[in-house]
Amino acid sequence: MSTLKNSPNANSALAGAVEKCKSMRHEFVMPEHILYALLSQNPFASTLEMYDIDAVSTLKSLVNDFFYTVQQVPKGVDYEVMSSVQLDTMMTMAYDQVVSSSAESLDVPHLVYAMLHLDDSHANYMLRQIVGDDTEEMMSLLISAYAEQDDSPADPEAQSGEAWRSQVVCLNDMVSLHNPLIGREAELERTIQVLCRREKNNPLHVGEPGVGKTALVYGLAERIVKGDVPKRLRGCRIYQVDLGSLLAGTQFRGDFEKRIKTIMEGLRKEGNAIVYIDEIHTLVGAGRTGDGSMDASNMLKPYLEGGEIRFIGSTTYEEYNRYFSRSKGIVRRFQQIDIDEPSVEETIRIIMGLKDKYEQFHKVTYPDETVEYVVTASAKYVNDRFLPDKAIDIIDEAGAYREIHPSADGGRVVDKVLVADILSKVCKVDAMAMKDDDNGALETLLERVSASIYGQDEAVRQVVEAIQMSKAGLLDDDKPLASLLFVGPTGVGKTEVAKVLARELGVQLVRFDMSEYTEKHTVAKLIGSPAGYVGYEDGGLLTDAIRKTPNCVLLLDEIEKAHSDIYNILLQVMDYARLTDNKGRKADFRNVVLIMTSNAGAQYASQASVGFGARVSAGEAMLRQVKRTFKPEFINRLSAMVVFNDMDRVMAGMILDKKLRELRAKLEARHVTMTLSDKAREHLLNKGFTREYGARELDRVIAHDLKPKLMREILFGSLKNGGHIIVDLDDEAKMILLPS
């Protein structure tokens, strides 16, 4: 039926069933024969007697009564006994349980489990007469009973008194394979102090992922190996227990409990043992099969209280609050030690101490200035992870790259250029933008942005100065690079400035059209819907976008069209550069340029110059209205409010020339060149220049008057194969195309 072997107890039960079948001259071996054979095994009988002192005699009587109802083979007739259909089904179920639980052999508990799940079976009915429906409890007792039997333990590993050693890892033996602990003197001293207490001598390290909780325990193991610890800790051995490995392959509750008990008893007998449990929050609920059953944390309480075995746990703040803190009995037995993220200076010292190992491994060299740059740049640009882990990762990856790709002269030096390149891939930002000592690109930012934006010199200057001020370190580190409100009539370049700025800074433009968030409930989409509402699992659109691209220009277009609740969300973004979504995850805005555009008060712009001697621009008139539209606390948190000038004829002419250059670039792809006469240019400018609609009217005029004529010539006329065309006006002031 299977290549799996049977335990001695299982073989004994099967053999006894066959003998009973033959003695009763039954043609088929049935589950009832196995039940009868099991009654003669002490572990099975003692388990049943916990339910009823007369359970064995009662069951024997019931089974015998059943046997006399089964047809017998006449005496003198030779026959071979065969297994019944029900027995075949039961054995298949039993072997399936063996395979699914990763057990090494079929044992009596597997047979009993299958029997208790065999529908329309007399054996099932008779056994449940004794144990009732609490089969889980019965299976747990049965496993323990067979495990305690000297000649046939439930777990073959338990035959050896040292079986528990295969379930743990001794960190004292692993010290040489792990990075040495550098720094953390105060936390290590506090850990040693707690371990030397008479009671509640169990430290609990709580800190963010990657700050060095595991490294601290290896550092303790290293000091124990060297003997650099108080007398009470000398000779101690630290054993790491992995709850995931203990749970693997356990089918019944008793399996898991037995493994924990075996390990703890082995450690207690050895003495001077310290148990290290990483991700200790998994204790709560581990191995629990129902509301009334025990979990791993309850099983460990006696050992935590006894003091013979000391425990060190580690977990993160989030998991501590979500899982561990619920078990008050466990929490009070531990002494919490907070492991904070090290500072930039401490991290530099840590990596300076580790760099020899990485240099030997990758066969490269890390100059001191590269190490300092890695730490400061990763602290600034990698926002979703913690020091020193994120800096060590960059060091390791840069070393791996240089090992595979030596520099042109064959050198194996990891320089700042390579680190910036690797960081740019991780952080999605231009590598040149990360080089703080190369400010040439930043110095020419004003000229480059101004070259694409016409007639808004003052607005562009304010934007560039805000960026440069932040890069110079003169602004608060816990605020976005800049928080800017662009105010001005439509079509004067507010959105265009954001696009050009993103391109010149080498970062992405993340754009949200705020007209989509006019309703109160739609604002929740930015940070995620509350629990219980549709869309809760999707997270927040804004927070997710910033987590994916933490270095970007964030454009909130036409902010005045959004519901007023949006301003409350933006207050904390502008003040603390943080935004928390509906699941408690934080998005970091410290490397974001926040730009909001507004047409608030556009209806007043046309009235700006009404009246005698009025000299108020449309932008300034709108700015007055903006101060009425937005709350004072919102305006107060802006880096600058940038007023865009009204469109004038000179500005319109410059924009028209830019649009025509873009059109010529498209024509060149079809091998077409174009020359515009002065009259044709003036015609486009006259039709396209309106103060009311700004530059967008120029787009419409070009699209309506010029592009259709070019399209017909390119597809059907003289420009099929390319060529040169002159754009001019006829006598009726209509645009015409003349071949050159």
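Here is a quick tour of one sheet, two helices that lie across it, and a surface patch, all in a predicted model.

## The sheet

Start with the six strands that make up an open sheet. Reading across, the order is E5-E7-E8-E9-E6-E10, and the pairing is mixed. The edge positions go to E5 and strand E10 (335–338). Each has a single partner strand, so one side of each has no neighbour in the sheet. On average, and ignoring direction, neighbouring strands here are turned by 25° against each other.

Further in, strand E6 (residues 203–206) pairs with strand E9 (residues 310–315). The two run in the parallel sense, with three bridges between them. If you want a spot to click on, take histidine 205, whose bridge partner in E9 is serine 314.

## Helices across the strands

Two helices are worth a look here. H9 lies across E6, strand E8 (273–278), E9 and E10, and it runs at about 175° to E10.

Helix H10 (residues 213–226) also has a set of strands to cross: it lies across E6, strand E7 (237–241), E8 and E9. Its angle to E7 is about 150°.

## A nonpolar patch outside

Now for the surface. Val169, Met174 and Leu177 form a nonpolar patch there, and together they have about 270 Å² of accessible area.

Where does leucine 177 sit? Its place is in the loop between strand E5 (168–170) and helix H9 (185–195). Leucine 177 counts as exposed because its relative accessible area is 67%, and the cut-off for that label is over 50%.

Notes
Residues are numbered from 1 along each chain as its sequence is written. This is a predicted model: local features need pLDDT of at least 70, side-chain atom pairs count only at pLDDT 80 or more; totals for chains, interfaces and linings use all residues. Side-chain values use heavy atoms; hydrogens and water are left out. Patches are made of residues with over 30% relative accessible area and no salt bridge: like charges are joined within 9 Å, nonpolar side chains (Val, Leu, Ile, Met, Phe, Trp, Tyr) within 5 Å. Accessible areas come from the Shrake-Rupley method with a 1.4 Å probe; for residues, only the protein chains shown count as cover. A salt bridge is a side-chain nitrogen of Lys or Arg within 4 Å of a carboxyl oxygen of Asp or Glu. Helices (H or I, at least four residues) and strands (E, at least two) are DSSP runs, numbered from the N terminus. Buried means under 20% relative accessible area, exposed over 50%, partly exposed in between (1.4 Å probe, protein chains only). Two strands pair if DSSP finds at least two bridges between them. Axes are lines fitted to C-alpha atoms, for helices over the stretch in contact, and angles run from 0 to 180 degrees between N-to-C directions. Contact means heavy atoms within 4.5 Å.
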